[in-house]
Amino acid sequence: MEKTLRLKNGREKSLLQGHPWVFSGAVARVEGEPGPGETVAVRSEGGDFLAWAAYSGQSSIRARVWSRDPADEVGAGLFRRKLQAALRLREETIPPGETNALRLVHGESDGLPGLVVDRYAGVLVLQVLSAGAEFWRETFADELAELTGCEVIYERSDVDVRGLEGLPERAGALRGEAPAGPVVIEENGLRFHVDVCRGQKTGFYIDQRRNRARLQAYAAGRDALNCFCYTGGFTLNALAGGAAHVLSIDSSAEALEMARRNLALNGLPAERADWLEADVFTALRKFRDQGRSFDLIVLDPPKFAPTAAQAERAARGYKDINLLAFKLLRPGGILFTFSCSGGVSADLFQKIVAGAAQDAQADAVILERLGQGVDHPTALHFPEGTYLKGLVCRKNG
Ligand code: SAH
């Protein structure tokens with residue numbers, strides 16, 4: 001018998017507009033006792049079919065849409081078609097040679113709510129974030145193995161948002177053996193070690209690939225400071241672009257160790273790179289007090305605000321580091337500044353950066369606006385899919 005989620009009168013609007021989520025407040029009743037992740041038919045109060053969706057009894061996102069076609073059967077065949085479409089999008093938008101590390105599936109925006117798949121050379125990393133994606137996890141692994149030919153699929157579902165769906169954190173090999181050491185990937189003509197088992201996120205910040213490449217265009221001859229450097233992504237691109245020197249800061253000793261290895265892997269001159277294990281907020285203050293200056297600064301901090309509710313605290317953090325960066329920039333200096341907080345809009349971020357420049361008494365202009373890579377698309381009816389925004393600013397002198 002069909003398991004059904006019946007909506008309250010008039011609450012079908014956002015679904016009809018293409019949004020993939022049904023919030024608990026929109027649900028009038030649940031029929032047929034679906035288990036976590038099971039497929040339900042979502043129907044209007046009047047009984048009209050709206051979608052096939054994955055049920056999640058614990059989450060305030062009570063269901064996530066798999067399909068809006070009543071004729072569809074939710075299962076391997078449908079998921080194969082969706083995965084093929086996601087792979088095609090990447091093939092058509094990322095020229096061969098740009099990278100072999102990319103996001104193959106970006107959840108809701110690829111029509112696969114709760115599923116994230118990143119590819120690092122021959123290794124796939126799977127992240128399962130919803131009860132529905134959890135229910136079909138083995139099916140996804142089978143289909144992905146077949147479609148990509150990758151023999152190793154490693155799961156990195158060790159993220160706390162799973163708690164909202166009533167799911168425990170989990171990490172480990174799902175197909176094949178866990179890689180014994182870091183996987184080597186190539187991006188923008190540079191090679192990087194990626195630790196898919198222990199690295200941050202799924203191992204690498206692949207969403208910044210084209211922004212790292214963009215930095216090369218501004219780097220020649222500059223004295224650069226890369227804040228929140230992780231394993232050296234922006235650092236190596238700055239050096240490849242001809243930076244005179246790059247000082248890179250991160251609070252993680254493991255990340256810095258890997259960054260040094262990445263520098264060596266590419267045969268880049270170690271004497272043009274310095275690494276500092278420190279808290280960026282403290283280090284920037286110290287540099288200001290010492291009267292130090294740079295002519296290229298990158299700020300790529302971790303997520304300060306996952307949701308809009310935490311935006312205010314996040315805003316203070318962004319303001320603080322951007323203000324210090326504007327002070328440390330020499331006239332004519334370039335700032336690459338980012339926010340990956342979903343709760344901070346591009347508009348708000350620009351206002352924060354503008355406020356920071358004003359308080360630093362810096363006259364600055366925006367040269368470019370940056371975002372997440374094309375392998376992290378945003379479905380037009382799922383604006384929540386956009387999280388990364390960046391500005392390239394110039395401090396006029
Ligand atoms: N720009 C990097 C990704 C940065 S991710 C790239 O292109 O790969 C954010 C980094 O900030 C992480 O490596 C994390 O270890 C570091 N970090 C978080 N809080 C920090 C702090 N207060 N001071 C210094 N580093 C911090």
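# Notebook: helices and sheets

I began with two helices of this predicted model. Helix α9 (residues 311–328) packs against helix α10 (residues 346–359) at an angle of about 40°, and their axes are 8 Å apart. Angles under 35 degrees count as roughly parallel and 65 to 115 as roughly perpendicular, so I noted α9 and α10 as oblique to each other. I also noted that α9 passes α10 in a right-handed crossing.

Next I looked up which residues meet there. On the α9 side I listed Ala-311, Ala-315, Tyr-318, Lys-319, Asn-322, Leu-323 and Phe-326. On the α10 side they meet Leu-348, Phe-349, Ile-352, Val-353, Gly-355, Ala-356, Ala-357 and Asp-359. I sorted the residues of this contact into eleven nonpolar, two polar and two charged.

I then turned to what else α9 touches. Helix α9 lies across β14 (223–227), β17 (294–299), β18, β19 and β20, and runs at about 160° to β18.

Those strands led me to their sheet. It is an open sheet of seven strands with mixed pairing, in the order β16-β15-β14-β17-β18-β20-β19. Which strands stand at the edges? I found β16 (273–277) and β19 (364–371) there; each has a single partner strand, so one side of each has no neighbour in the sheet. On average, neighbouring strands of this sheet are turned by 15° against each other, direction ignored.

I checked one pair inside this sheet. Strand β18 (residues 329–339) and strand β20 (residues 389–395) run antiparallel and are joined by six bridges. I traced Thr-337 to its bridge partner in β20, Leu-391.

Another helix belongs in this entry. Helix α7 (residues 253–265) lies across β15 (245–250) and β16, and its direction is at about 170° to β16.

I moved on to a second sheet. This open sheet has five strands in the order β7-β8-β9-β10-β11, again with mixed pairing. Its edge strands are β7 (101–106) and β11 (170–175), each pairing on one side only. The twist from one strand to the next averages 20°.

Here I followed strand β8 (residues 115–120) and strand β9 (residues 123–128), which pair in the antiparallel sense over six bridges. Leu-115 stands opposite Val-128 in β9. Which helix packs on this sheet? I found helix α4 (residues 137–148), touching β7, β8, β9, β10 (152–157) and β11, with its direction at about 50° to that of β11.

Last, I looked up the domains. The protein is divided into domain 1 (4–67), domain 2 (76–183) and domain 3 (205–395). I noted 40 Å between the C-alpha centres of domain 1 and domain 3.

Note on methods: Residues numbered from 1 in each chain as written. Predicted model: local features only at pLDDT ≥ 70, side-chain atom pairs only at ≥ 80, totals over all residues. Heavy atoms only, no water. Axes fitted to C-alpha atoms, helices over the stretch in contact; angles between N-to-C directions. Helix = DSSP H or I, 4+ residues; strand = E, 2+ residues; numbered from the N terminus. Parallel < 35°, antiparallel > 145°, perpendicular 65-115°, else oblique. Left-handed = near helix turned anticlockwise from the far one by under 90°. Contact = heavy atoms within 4.5 Å. Nonpolar A, V, L, I, M, F, W, Y, C, P; charged D, E, K, R; others polar. Pairing = 2+ DSSP bridges. Domains from an automatic or database assignment.
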